[in-house]
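Visitor: I would like to learn how to read a model like this one. Could you take me through it, one feature at a time?

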Amino acid sequence: MYQFSYAEIMEEGVAVSKDRERQVLERSIALLKAAMALEGGYGKETVEAVYFTRRVWIRFVEDLGNPENQLDGELRANLISIAIWILKEIEKIRKRESTNFQGIIDITTIIKDGIQ
């Protein structure tokens, strides 16, 4: 029978969660790049990218706002501010008021690369 310490199990859970977060952000980036590559600037790919990216960042805001979130308060506040900016930009894209895919891609890539 295997015995693991609570700390080992928790550490593995955190590592799995961080890996999942990176994968979700990579998916969002891929969808945004596909939408950005469209000739007309708006199509099925754009709808999918907007919907997915919006869901991701709303979920991050919910998690960051949870009192049980263990990140430093200042870091949480900064990430929430970034999320709000991304959500505003993605809404502009949805309304066809912007094509700032690259800005969202750049910020999302920085966040993804910062997940350790």
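Visitor: How do the residues of the lining of the second largest pocket divide into nonpolar, polar and charged?

Guide: First, the ground rules: this is a predicted model, where local features need pLDDT of at least 70, side-chain atom pairs count only at pLDDT 80 or more, and totals for chains, interfaces and linings use all residues. Residues are numbered from 1 along each chain as its sequence is written, and side-chain values use heavy atoms, with hydrogens and water left out.

Guide: Now the general idea: rolling a probe the size of a water molecule over the atoms shows where empty space is left. A pocket is an open set of points on a 1 Å grid over the protein atoms alone, where a 1.4 Å probe fits, with protein on both sides within 12 Å along at least five of seven lines; lining residues have an atom within 4 Å of a point. In this lining, 3 residues are nonpolar, 3 are charged (Asp, Glu, Lys or Arg) and none is polar.

Visitor: Which residues line the second largest pocket?

Guide: They are Glu21, Val24, Val56, Arg59, Phe60 and Asp63, around about 170 Å³ of space. Helix H2 (44-65) gives the most, with 4 residues, and helix H1 (6-36) also supplies at least two. Helices here are DSSP runs (H or I, at least four residues), numbered from the N terminus.

Visitor: What span does H2 reach from its first C-alpha to its last?

Guide: The expected span of a helix is 1.5 Å times one less than its number of residues. H2 has 22 residues and reaches 32 Å, close to the 32 Å expected.

Visitor: Why does threonine 46 count as buried?

Guide: Buried means under 20% relative accessible area, with a 1.4 Å probe and protein chains only. Threonine 46 sits in H2 and counts as buried because its relative accessibility is 0%. Other buried residues in H2 include Val56, Trp57 and Phe60.

Visitor: Which residues have the most contacts inside the largest nonpolar core?

Guide: In soluble globular proteins, nonpolar side chains tend to be buried together. A nonpolar core is a set of buried Ala, Val, Leu, Ile, Met, Phe, Trp, Tyr and Cys residues joined through side-chain atoms within 4.5 Å. Here the largest has 22 residues, and Leu25, Leu32 and Trp57 have the most contacts inside it. H2 gives the most to this core, with 7 residues.

Visitor: What is tryptophan 57 in contact with, leaving aside its neighbours within four places in sequence?

Guide: Taking contact as heavy atoms within 4.5 Å, tryptophan 57 touches Leu25, Ala83, Ile86, Leu87, Thr108 and Ile111.

Key
Points joined across faces, edges and corners; volume = space filled by probe spheres on them. Buried < 20%, exposed > 50% of the residue type's maximum accessible area, 1.4 Å probe, protein only.
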